Amino acid sequence: MTIDPTLMTTVVTAAQSTPTLVHAVWLIPALPIAAFVLLIACGRRLGEPFAGWVAVAGMAGAFVASVLTWIGLRQMPGDERAFEQNLFTWIGAGTFHVDLGFLVDPLSVTMSLFVTFVATVIFIYSIGYMKGDPDFSKFFVYLSFFAFSMLILVNGSSLLVTFLGWEGVGAASWFLIGFWFQDDANASAGKKAFITNRVGDWGFLVAMFFTFLAFGTFNYTEIFAHVSPVASTTVSAIVIFLFLGAIGKSAQLPLYMWLPDAMAGPTPVSALMHAATMVTAGVYLLVRVNPLIAASDPWVGTTIAIVGGLTALFAATVAIAQRDIKKVLAYSTVSQLGYMVMAVGSGAYVAGIFHMVTHAFFKALLFLGAGAVIRGMNSEQDMTWYGKLWKFFPITGATFIVAWLAIAGIPPFSGFWSKGDILGMAWHKSPVLWAIGALTALLTAYYMTREVVLIFFGRRRWTELEPTAVDAEAHDEHPTVDANGNPLPTGPGAPHHVEHGAPVQPTEAPAVMTIPLVVLAVGATVLGILNLPFGDRFKVLEHWLEPSVHLGESTWHIPAATQWGLEIVVVVLSLIGIAGGYYVYQRLTTTRDEQLRYEPEILLNSWYYDLGISAFMGGPVRRASQWLATTFEWLVIDGAVAGTGRLLSVGADRARRVQTGHVRNYAFGLTAGAALLLIFVLYRASF
Amino acid sequence: MMLLATVGPEAYLGVSAILFAIGVGGLLLRRNPIVMFMCIELMLNAANLAFITFAHELDDIGGQVSVFFVLVVAAAEVVVGLGILVAIMRRRPDATADDLDVLKG
């Protein structure tokens with residue numbers, strides 16, 4: 001319904017002129033942007049829920065196009081699976097030119113497939129979640145724009161096209177985190193995400209400058225064909241700066257702190273962008289340039305792996321003390337992204353992508369489940385005010401438990417296989433990395449069990465009223481109309497005050513929301529089949545991705561005994577974590593106050609890292625900037641400018657005295673000059 | 001031609017140098033604009049005399065051609081220069097060169 005008739009004819013002619021389906025790749029980003037344009041033009045007139053279905057159609061179309069591209073790619077011989085489509089010359093300046101083109105290879109198709117699939121499911125869910133929001137159609141405008149940017153990022157044939165998508169998803173992230181910008185905190189969270197990402201984007205830009213200096217091109221295929229003559233130091237610099245970009249986008253230490261705040265956005269946004277797809281862009285970028293990582297110095301991979309491992313552990317510790325249902329999942333996302341980065345740093349690109357795919361399913365499922373609970377609990381997000389919701393949310397609860405088992409790494413759910421792959425490869429890199437990863441797995445199981453118990457089991461806490469004085473006071477702070485007298489939006493999660501413990505009738509989500517949950521739950525359960533460690537025959541994803549990651553783990557041989565031994569240890573650790581979480585939150589404690597004893601203040605405040613950064617930026621850095629802005633600017637910058645003027649003025653005042661106006665002075669000057677010339681000539685002639 | 005045969009080129013160049021020196025001296029020391037103007041003419045003619053001498057000595061017609069150029073330029077200069085001087089003297093009959101300093105920086 002979003003396809004322009006002229007576009008369709010173009011497709012038909014393209015398909016006729018070439019035998020393969022890979023030419024459909026341009027449709028993957030084109031369909032979401034078509035939906036975007038259509039929604040901008042008449043989204044409000046389409047209204048609810050048709051605007052949403054337009055976006056879903058664009059996204060589903062993109063998924064179909066991805067499938068077609070995938071089929072086309074499969075028709076090509078195994079080792080020649082790469083196809084470049086150039087739409088037009090984007091930038092042409094002399095010998096330098098960048099095409100707006102797409103690179104179809106197993107890696108980009110894999111990304112396109114899971115991104116478009118998860119996005120379609122979440123778009124459908126959003127129709128239910130955003131019901132009643134005054135900006136319903138605008139939400140889908142932004143979502144479609146995000147999908148377009150993400151697919152440009154994934155399919156771009158050069159660093160610059162990828163960067164175009166990279167910035168696009170950054171902008172979409174800003175739009176959507178601050179979607180309910182009437183609340184100041186949401187708008188600030190959007191700004192925080194955007195500005196933090198700028199630090200990473202700076203790294204991406206510098207990496208591109210280096211790439212252009214070293215290779216003279218941005219095109220991936222051309223770069224990878226000319227890696228060997230370039231000095232490994234140069235390649236290392238490029239990779240490290242790209243990694244800085246990845247740190248920003250994939251929320252790694254030290255730039256992770258925007259992601260937990262990004263939960264201010266509507267929950268489908270958290271699920272789609274800040275869990276399943278956008279934040280994986282950093283990992284994807286690193287896998288995309290894996291020939292560069294292979295050609296760089298060994299310390300580069302080690303650095304990447306260490307940053308990933310530390311992030312995984314750090315975020316997992318913080319997650320065990322968060323009370324906001326979405327904050328736990330946000331830190332969990334940071335932690336799981338840390339796993340993926342650790343895998344990439346260890347050279348286990350396939351394991352990283354594998355975990356990215358399975359994580360997209362189970363983490364999107366967790367977020368959507370959380371959204372369903374938030375919606376059903378009248379926008380309450382503090383888990384300490386939940387409890388024993390199991391019978392009110394049968395479908396949400398069941399799918400949430402599937403996702404919980406998947407992320408905790410319990411076989412046969414998908415997370416077990418992908419996490420097992422990563423930890424096996426980490427062991428191959430260094431047992432220390434494995435130990436960090438295994439400890440993280442234990443913590444993951446613990447905090448996810450805590451979340452499940454706090455929401456669905458334990459004691460019913462949402463009927464316990466708060467003192468009324470607090471309620472009355474809070475009511476005054478949150479008027480229901482804005483300054484102009486217009487009513488404030490009242491959609492789920494919209495910026496209205498939540499009364500803790502207010503009377504609420506928990507209600508299960510409608511079918512438009514629960515069906516996506518079930519679809520994702522199926523994926524979270526079975527997707528382990530993509531890459532089973534039972535032998536070469538079962539490693540489907542590894543064989544499929546081989547043309548894109550030549551130097552990946554397929555060349556390694558980890559003894560089966562070691563691999564299985566490690567898997568068993570990790571499963572045992574995960575079970576300990578689950579048992580611990582169950583014991584503490586189901587058996588040991590019943591009341592809110594008792595539970596808080598197991599949630600250290602320092603972890604709730606993420607080791608005071610965020611506050612430390614704020615204190616540092618707001619304290620010394622702000623004072624230094626103030627000094628620069630006032631004293632230094634005034635004395636040195638302005639001083640230099642004004643000084644130049646004064647110097648010229650005073651100097652000219654002196655110099656003009658030469659001009660006496662007396663013709664005899666000038667005549668004397670002329671004569672003296674002529675005399676000097678004469679002496680000079682005579683002096684020269686006498687030699 | 002007879003005279004040239006008996007007197008060497010040193011004499012002509014000597015006269016030229018003396019005329020030039022008188023012209024320079026007059027230009028720098030006198031204040032009457034008309035006299036200064038005459039001094040310039042003296043210097044130009046001293047140069048002319050040197051041109052003629054070298055043209056004869058080196059048997060090169062170029063020197064004599066240069067003299068014609070100098071004469072033409074000097075004539076033009078006199079026309080313009082005297083016109084300016086007359087205009088100035090009409091307004092300020094007793095002006096010296098040092099009084100005319102309106103172009104002072």
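**Questions on a predicted two-chain model**

Student: How many residues does the contact take from chain A and from chain B?
Tutor: Happy to start there, bearing in mind that this is a predicted model. Two residues are in contact here if their C-beta atoms lie within 7 Å. Counted that way, the contact takes 11 residues from chain B and, from chain A, 12 residues.

Student: Which classes make up the side of chain A that touches chain B?
Tutor: Let's go class by class. Three residues on that side of chain A are charged and four are nonpolar. The remaining class is polar, with five residues.

Student: What does the secondary structure of chain A come to, and how far does its C-alpha trace span?
Tutor: Chain A has 27 helices alongside two strands. Along the principal axes, its C-alpha trace spans about 115 × 70 × 55 Å.

Student: Which helix gives the most residues to the largest nonpolar core?
Tutor: Good one! That core holds 222 residues, and Ala364(A) and Leu365(A) are among those touching the most other members. The helix giving the most to this core covers residues 349–376 of chain A and supplies 19 residues: helix 16.

Student: Which domains of chain A each give this core at least three residues?
Tutor: One of them is built from 1–228 + 264–275, namely domain 1. The other runs over 358–475 + 501–604, and that is domain 2.

Student: What is Ala364(A) in contact with, leaving aside neighbours within four places in sequence?
Tutor: Its partners include Ala271(A), Leu272(A), Ala275(A) and Ala276(A). The list is completed by Ile122(A), Leu520(A) and Val118(A).

Note on methods
Residues numbered from 1 in each chain as written. Chains lettered and ligands numbered in written order. Predicted model: local features only at pLDDT ≥ 70, side-chain atom pairs only at ≥ 80, totals over all residues. Helix = DSSP H or I, 4+ residues; strand = E, 2+ residues; numbered from the N terminus. Core = buried A, V, L, I, M, F, W, Y, C linked by C-beta atoms within 7 Å. Buried ≥ 20, exposed ≤ 12 C-beta atoms within 10 Å, placed from the backbone. Domains from an automatic or database assignment. Nonpolar A, V, L, I, M, F, W, Y, C, P; charged D, E, K, R; others polar.
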